[in-house]
Amino acid sequence: MATSGPRHILQVVVTSCCRHGSVRMCSHSNTSTLCAVCKTTPQALLFSDHHRAFQHKSTWELLRALLILRACGSNFLVDNSLKILRKGQQIFGDQILGLFLHPTVYSQFVAGEESSDLAVTAKSLQKMEIRLMVAPTLEEDVGESSLRQDKYDKNLNEMFRLAEMTHCHGGVHPCLQTKITALRNLSHIYVKKKADSWRVMVQHMASAMLNRVQLPDIPGINHRDIENMSIALGRFRQLGEVAATKNLCLLVDAEYSYVNPGCSLVALAMMAVFNQNRPVVANTYQCYFKGALETLTLELDVIESLGACFAAKLVRGAYLERERELDTTNICASYAETGDNYHRVLEHALMHAKKAGSDRCLVIIATHNEETVRHSASRLLELGLDPKAGHVVFAQIYGMAEQITMPLVHAGYLVYKSVPMGTLSQVLPYLARRAAENRSVLHGARKERELLQQELSRRLRSMFQR
């Protein structure tokens, strides 16, 4: 979220593609200078214009957002949200509790559960020229994993259902998020992070996935786990095939540090199989880890050595509190340090995007931080990266950060909204966990709350002046 005061007008000169023509950047060494023949004028990113940020929202939607974001700023409610919701289920039952939650918290952050629900949300986003990124609410942690394969098969079928819905309603280049642990727990898969060993492991997994055969023996992993992992690779292959066929970008979400090595190996194997011609599968990089740049650099080198397209979603990270309980030495010491680390990782990704070109790379800048958005916009301009080319895009969470999303859209950038889908019973633990993990984001929504108040006040004054 923003680090600046809400009263300051924050600007950065950016350029956007012409809606009815093309934009050509200067070939001079100073790439921040617009070419004289450019058909568009520079636009300013203003994050304090409440009217422009919320003009597409009804007054009820503004009031709902304000009340919910205020509640999310309470440590007590965030810490006890799941307990409160479970107690409400016991006292009132799902039906009565749903009467309260569906029009409030659920509708604020979730599109719904059926195809018709997503169609409505997708249409409203498309009217604002915002792209769709569907987020399933399937996830599990170590200790929650199932010993039965039918659970993972059921989750895979749910991913197929969401893929079909995303394909039908997603518009231009829709994305579908997925969690590897929803299809197989990989906490036991660990390979030391060296380029050679990772490349060999990725090749083994990609070959097993592509040829539909069992993995070879891997030191440190028993035969039963090899068998289960081979079955899981079959699921990942099916999901990748569906994504490629339906022209979706499949975004593999990062998870906890103790499962990330296994998740990354699967994501890289899927890149090796499905990203030969274009970015179909992307991995996620959590920049609150001090080693995020090292991780991205290693994985980029592996994918390039295999002749595949690299794709990455950059996030600050959603599991900070849990990770600090596990090991503070791997985590950035402060929010500011995380921001600096994010910018270093972003710089490496942008340099690759410039080298690889728009057809063979995808970088998703997933952030609610105004400073990072301004920095990213400036670097795109300086590097001569076309914001309409589609290989460098922004993303925010559905139901939040409209004051960031809308200025980016108005300035000509491509922006996605991560939209959760699921039943109320699925979404309750998902939202409770997200609230706890994204505490810093929720506390950082102070400026958004102020802008919501300002827009509500403006509308009330307008009503009484008629």
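## A tour by selection

Select Lys-246 to begin: its relative accessibility is 22%, and the residue therefore counts as partly exposed. Please keep in mind throughout that the model on the screen is a predicted one.

**Stop 1: a salt bridge between distant parts of the chain**

With Lys-246 still selected, add Glu-164 and display both side chains, which meet in a salt bridge with an N to O distance of 2.5 Å. The two partners are 82 residues apart and link distant parts of the chain, since Glu-164 belongs to helix α6 while Lys-246 sits in the loop between α8 and β5 (249-252). Glu-164 is also partly exposed, because its relative accessible area is 33%. How many salt bridges does the count come to? By the rule applied here, the count comes to 17, and the next stop visits further examples.

**Stop 2: salt bridges within helices, and a network**

Move to helix α13 (residues 370-383) and select Glu-382 together with Arg-379, which lie three residues apart in this helix and are therefore separated by about one helical turn. Their side chains form a salt bridge, the N to O distance being 2.6 Å. The two partners fall into separate accessibility classes: Glu-382, with a relative accessible area of 32%, is partly exposed, whereas Arg-379, at 16%, counts as buried, the cut-off for that class being under 20%.

Now select Glu-450 and Arg-446 in helix α17 (residues 446-464), where a spacing of four residues again amounts to about one helical turn. These two form a salt bridge in which the closest N and O atoms are 3.3 Å apart. Glu-450 is partly exposed, with a relative accessible area of 24%, and Arg-446 is partly exposed as well, at 41% relative accessibility. An α-helix has 3.6 residues a turn, so residues three or four places apart point the same way.

To finish this stop, select Glu-370, Glu-371, Arg-374 and Lys-447 as one group, since salt bridges link these four residues in a network.

**Stop 3: His-50 in helix α1**

Select His-50, which is placed in helix α1 (residues 50-54). Its relative accessibility is 18%, and His-50 therefore counts as buried. Which residues is His-50 in contact with, once its neighbours within four places in sequence are left aside? The contacts of His-50 are then Leu-451, Gln-454, Glu-455 and Arg-458, so it is useful to display those four side chains alongside the histidine.

**Stop 4: helix α5 and its two faces**

Colour helix α5 (residues 115-127) on its own and, as a check of its geometry, compare the expected span with the model: at 1.5 Å a residue its 13 residues should span 18 Å, and the C-alpha atoms at its ends are indeed 18 Å apart. Next select Leu-118, Thr-121, Ala-122 and Leu-125, the buried residues of α5. These residues lie on the same side of α5, because the arc they cover around the axis is only 100°. What do the buried residues of α5 pack against? Their packing partners are the strands β3 (131-136) and β10 (415-421) and the helix α6 (149-169). On the face turned away from the buried side of α5, select the exposed residues Val-120, Lys-123 and Lys-127.

**Stop 5: two residues with positive phi**

Following the chain beyond α5, select Glu-129, which is found in the loop between α5 and β3. Its phi is near 65°, a positive value in a residue other than glycine. Glu-129 counts as partly exposed, because its relative accessibility is 42%.

For another case, select Arg-212 in the loop between α7 (195-211) and α8 (223-245). Arg-212 is not a glycine, yet its phi is positive, at about 60°. Is Arg-212 buried or exposed? With 59% relative accessibility, Arg-212 counts as exposed. Most residues other than glycine have a negative phi.

**Stop 6: a nonpolar patch on the surface**

Finally, switch to a surface view and select Ile-91, Phe-92, Ile-96 and Leu-99, which form a nonpolar patch whose accessible area together is about 450 Å². Of these residues, take Leu-99 by itself: Leu-99 is placed in helix α4 (residues 81-109), and with 64% relative accessibility it counts as exposed.

Definitions and conventions. Residues numbered from 1 in each chain as written. Predicted model: local features only at pLDDT ≥ 70, side-chain atom pairs only at ≥ 80, totals over all residues. Heavy atoms only, no water. Expected span 1.5 Å × (residues − 1). Buried < 20%, exposed > 50% of the residue type's maximum accessible area, 1.4 Å probe, protein only. Arc of directions from axis to C-beta. Contact = heavy atoms within 4.5 Å. Patch = residues over 30% accessible without salt bridge, like charges linked within 9 Å, V, L, I, M, F, W, Y side chains within 5 Å. Areas by Shrake-Rupley, 256 points an atom, 1.4 Å probe, with all protein chains shown as cover.
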